[in-house]
Amino acid sequence: MCAVLFSTAFDYGFLLHTSEEATATVALNEYLSSRSYLAGFSPSRVDQEVFELLHRPPAPQHVHALRWYRHIAALQRETPSPDSSIKGKRVQHPWAAPAGSNLPKLRLYNSLTRTKELFVPQNGNKVSWYCCGPTVYDASHMGHARSYISFDILRRILMNYFQYDVFYCMNITDIDDKIIRRARQNYLLEQYREKKPAAAQVLQDVLSARGPFQAKLAETTDPDKKQMLERLDSAVAAALGPLQGAVESKAGEADIQRLVLLEKAKDLLSDWLDAQFGSQVTENSIFSLLPKFWEGEYHNDMDALNVLPPDVLTRVSEYCPEIVDFVKKILDNGFGYESNGSVYFDTAKFATSQKHLYGKLVPEAVGDMKALQEGEGDLSVSADQLSEKRSQNDFALWKASKPGEPSWDSPWGKGRPGWHIECSAMAGSILGESMDIHGGGFDLRFPHHDNELAQSEAYFENDHWVRYFLHTGHLTIAGCKMSKSLKNFITIKDALAKNTARQLRLAFLMHSWKDTLDYSSNTMESAVHYEKFLNEFFLNVKDILRAPCDITGQFEKWEAAEMELNESFYERKAAVHAALCDNVDTRSTMEEMRALVTQSNTYIASRKSSKLQPNRMLMKSIALYLTDMLKVRESLLAATVMTGCVVLSLSGLPTVVKLVDKETLLRERNEKKKMEDEKKNKKEEAAKKKQEQELAKLAKMKISPCDMFRSETDKYSSFDETGFPTHDVEGKDLSKGQTKKLRKLHEAQEKLHQEYLQTNQNGC
């Protein structure tokens with residue numbers, strides 16, 4: 001700590017008693033010349049005494065003494081002048097922290113409050129998230145993609161950008177009224193086909209099935225559904241005629257027409273067979289084949305869309321014991337009642353309790369009978385079943401199974417879960433009494449999610465089963481509701497046949513996750529253009545980074561242009577962060593990234609026009625930031641697999657070989673081939689048209705002017721010796737105007753015919 005410059009062997013008393021300062025200075029300099037005298041942070045007692053002996057700094061020739069003197073002086077509180085004494089130690093200058101700035105914090109639009117709320121997970125950095133999955137009875141369509149791609153984007157951003165530890169749970173609904181009906185009908189239709197009924201039998205059965213179908217058609221009021229049923233009925237009618245004719249004439253094609261009618265009328269027959277024999281289908285395994293198949297198709301679609309699988313996936317069929325226990329506790333807590341083997345949730349009892357509120361998400365929809373009945377399911381809204389409920393607002397927790405439905409044991413008899421209870425029991429089993437996020441489509445808010453909230457809070461006896469409810473917006477097709485009747489029903493496989501998964505995701509990123517997304521050619525063209533715009537930038541940056549350079553040459557001097565671009569780069573990054581904090585606004589994020597790329601392209605072009613290379617490290621930083629933001633460091637850049645090349649010639653600079661990914665190269669080759677084929681076809685069509693015109697002209701030239709009008713007996717009745725008409729079809733003289741007009745035509749034809757004769761003569 002202290003620098004004891006003088007050892008005890010040194011007789012410094014001589015210095016202290018030497019009256020002559022010059023003599024003391026010489027002795028001090030000689031002593032210090034062989035010792036270290038600059039260690040330590042404060043002077044020792046000996047240092048202080050000798051320092052006070054000297055009234056001024058030593059002369060310059062006494063180097064060691066002067067250096068020591070200055071060192072001791074610097075350790076004092078204030079630097080002494082040559083004729084002043086030391087007053088104390090120097091202290092470190094006070095430091096103050098900068099004021100800083102408040103960074104935006106993540107806010108999410110919470111359907112529970114219908115406003116953007118500050119996102120605060122309940123358990124530190126961990127986020128528990130439950131998402132309503134598909135009801136698997138048919139092919140997944142773009143409406144499904146709207147939810148699952150959007151939630152995948154939100155999930156990835158929360159994990160990869162905001163660095164939350166997300167635990168994501170999703171369900172598969174494999175027990176449902178739609179599944180039961182569809183599985184039963186498929187089974188009965190397959191049984192019918194296996195019997196190979198004769199053509200006459202098929203004809204009779206389809207005619208029998210058409211009666212109730214047409215009655216159903218007459219009762220249908222929904223215009224889209226009515227249009228679909230009318231189209232189906234027309235197709236059946238068109239197939240009935242040929243089979244009827246073949247059966248009556250006993251023609252050989254009757255079997256072919258039988259198969260055609262079976263295909264066209266399969267929906268009618270399925271309904272008819274179900275009405276007659278559906279109650280006889282009781283084996284549970286029959287109802288598992290259909291959802292198992294479509295669940296597999298769903299997972300394949302999600303994989304093709306690059307949607308992350310959930311951390312946990314639950315199936316209703318695997319959670320029936322937990323669902324029964326869940327219902328029992330709701331009954332024990334006083335919020336349910338049993339009726340004829342079914343169990344219903346008592347909405348009135350729940351709503352009047354001090355701790356609870358029914359209809360948190362859409363209070364204005366409470367009492368909407370149409371929505372409530374849709375929530376109960378097609379097989380559960382008969383008059384008898386509706387009469388079992390104390391209130392029309394009550395909903396089924398457990399349904400007594402009827403003949404022709406799958407069933408599980410319960411304290412109330414054979415039955416199956418209600419729709420809403422499924423999610424509550426499964427989510428509660430995995431995530432407990434409260435979760436951070438619950439997600440689903442906008443149309444699930446009421447009654448499904450409101451009923452989930454009610455029964456779950458009745459079970460857990462709390463009022464916070466879900467902290468943040470996120471609902472994705474609707475999807476329209478070119479401005480219209482997606483509907484089979486409108487022939488705009490698009491499956492995920494249909495969409496992937498037209499565009500890549502990355503292009504679909506870009507289209508979703510360019511729109512708000514909570515608003516309506518219109519899937520149209522314009523939407524996808526914008527996404528394709530954005531993708532090409534980004535790929536072109538990344539390829540340009542790769543070209544810059546491939547330029548020969550040694551290890552030190554990659555660090556180049558920054559000029560005003562680099563400073564300006566870098567400042568803009570940081571401004572754009574701040575704007576992107578603000579956008580993502582604002583309810584994960586990917587639309588604004590994509591626009592900020594587009595602006596950054598545009599500015600970078602301008603900078604690159606400016607440098608190259610000056611025959612200078614762009615700054616490598618700055619371009620690399622921007623490109624890496626963009627790939628990180630897209631979360632495709634592995635996929636987007638790997639997508640530019642070097643499988644083809646495009647040679648570019650830049651004025652004044654060496655020729656550039658730009659490596660292009662296989663997908664882009666094939667697409668551009670196909671587009672080029674398509675353009676060449678179109679050009680070739682147009683050329684061939686033009687040549688064909690020209691040839692047809694020449695042949696027509698030749699045919700016209702062959703006609704003698706004497707014969708040109710004689711064939712037009714519907715216009716003229718008399719002709720002169722040259723074949724020129726003199727009277728119209730009614731025997732009246734032609735007018736002067738008509739004669740003049742016809743004379744011109746006659747003369748023109750005479751000229752053409754003479755040309756033909758002359759050409760023909762020359763040819764001989």
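This is a short talk on the layout of one predicted protein model.

Hello everyone, and thanks for coming. Before the tour, some housekeeping. The model is predicted, so to speak of local features we need a pLDDT of at least 70, and side-chain atom pairs count only at pLDDT 80 or more, while totals for chains, interfaces and linings use all residues. Residues are numbered from 1 along each chain as its sequence is written, and side-chain values use heavy atoms, with hydrogens and water left out.

Let's begin with the whole protein. There are 764 residues, and 44% of them are buried. Buried means under 20% relative accessible area, exposed means over 50%, and partly exposed is in between, using a 1.4 Å probe and protein chains only. The protein exposes about 41100 Å², and carbon and sulfur atoms supply 52% of that area. Those areas come from the Shrake-Rupley method with a 1.4 Å probe, and for residues only the protein chains shown count as cover.

The secondary structure comes to 25 helices and 20 strands. Helices (H or I, at least four residues) and strands (E, at least two) are DSSP runs, numbered from the N terminus. Now think of contacts, meaning heavy atoms within 4.5 Å. Of the contacts with a separation of 6 or more, 72% are between residues 24 or more positions apart.

Which residues have the most contacts inside the largest nonpolar core? They are Trp129 and Leu261, in a core of 106 residues. A nonpolar core, by the way, is a set of buried Ala, Val, Leu, Ile, Met, Phe, Trp, Tyr and Cys residues joined through side-chain atoms within 4.5 Å. Apart from that core lies another, of 44 residues, including Val327 and Tyr459.

Let's stay with Trp129 for a moment. Leaving aside neighbours within four places in sequence, Trp129 is in contact with a list of residues that includes Phe151, Leu158, Tyr168, Ile437 and Leu470. Tryptophan 129 also stands opposite tyrosine 168 in strand β6. On to strand β5, residues 126-131: five of its six residues are buried. β5 pairs with β6, residues 165-172, in the parallel sense over six bridges. Two strands pair if DSSP finds at least two bridges between them. Helix α5, residues 142-161, joins the picture here, as β5, α5 and β6 make a right-handed β-α-β unit. Right-handed means that, with the strands pointing away from the viewer, the path from the first strand over the helix to the second runs clockwise. β5 is also joined to β12, residues 435-441, by three bridges, and these two run parallel. There, tyrosine 130 stands opposite histidine 438.

Next, two open sheets. One has four strands in the order β8-β9-β10-β11, with antiparallel pairing. Its edge strands are β8 (336-339) and β11 (415-417), each pairing on one side only. Strand β10, residues 395-400, is joined to β11 by three bridges, and lysine 399 has arginine 416 of β11 as its bridge partner.

The other has three strands in the order β15-β14-β16, and the pairing is mixed. β15 (480-481) and β16 (517-519) stand at the edges with a single partner strand each, so one side of each is left without a neighbour in the sheet. Two bridges join β14, residues 475-477, to β15 in the antiparallel sense, with isoleucine 477 opposite cysteine 480.

Now for some backbone details. Where is there a cis peptide bond? It joins phenylalanine 446 and proline 447, with omega about 5 degrees. Proline 447 is found in helix α17, residues 445-460. In the loop between α17 and β13 (466-472) sits glutamate 461, which has a positive phi of about 55 degrees although it is not a glycine. Glutamate 461 is partly exposed, at 44% relative accessible area. Lysine 611, also not a glycine, has a positive phi near 60 degrees. Lysine 611 lies in the loop between α22 (586-609) and α23 (616-630), and it is exposed at 57% relative accessible area.

One last stop: is leucine 580 buried or exposed? At 3% relative accessibility, it counts as buried. Leucine 580 lies in helix α21, residues 560-581. Its C-alpha atom is 9.1 Å from that of lysine 105, although the two are 475 residues apart along the chain. Not counting residues up to four places away in sequence, leucine 580 touches Leu106, Tyr161 and Met629, among others.

That's the tour. Thanks for listening!
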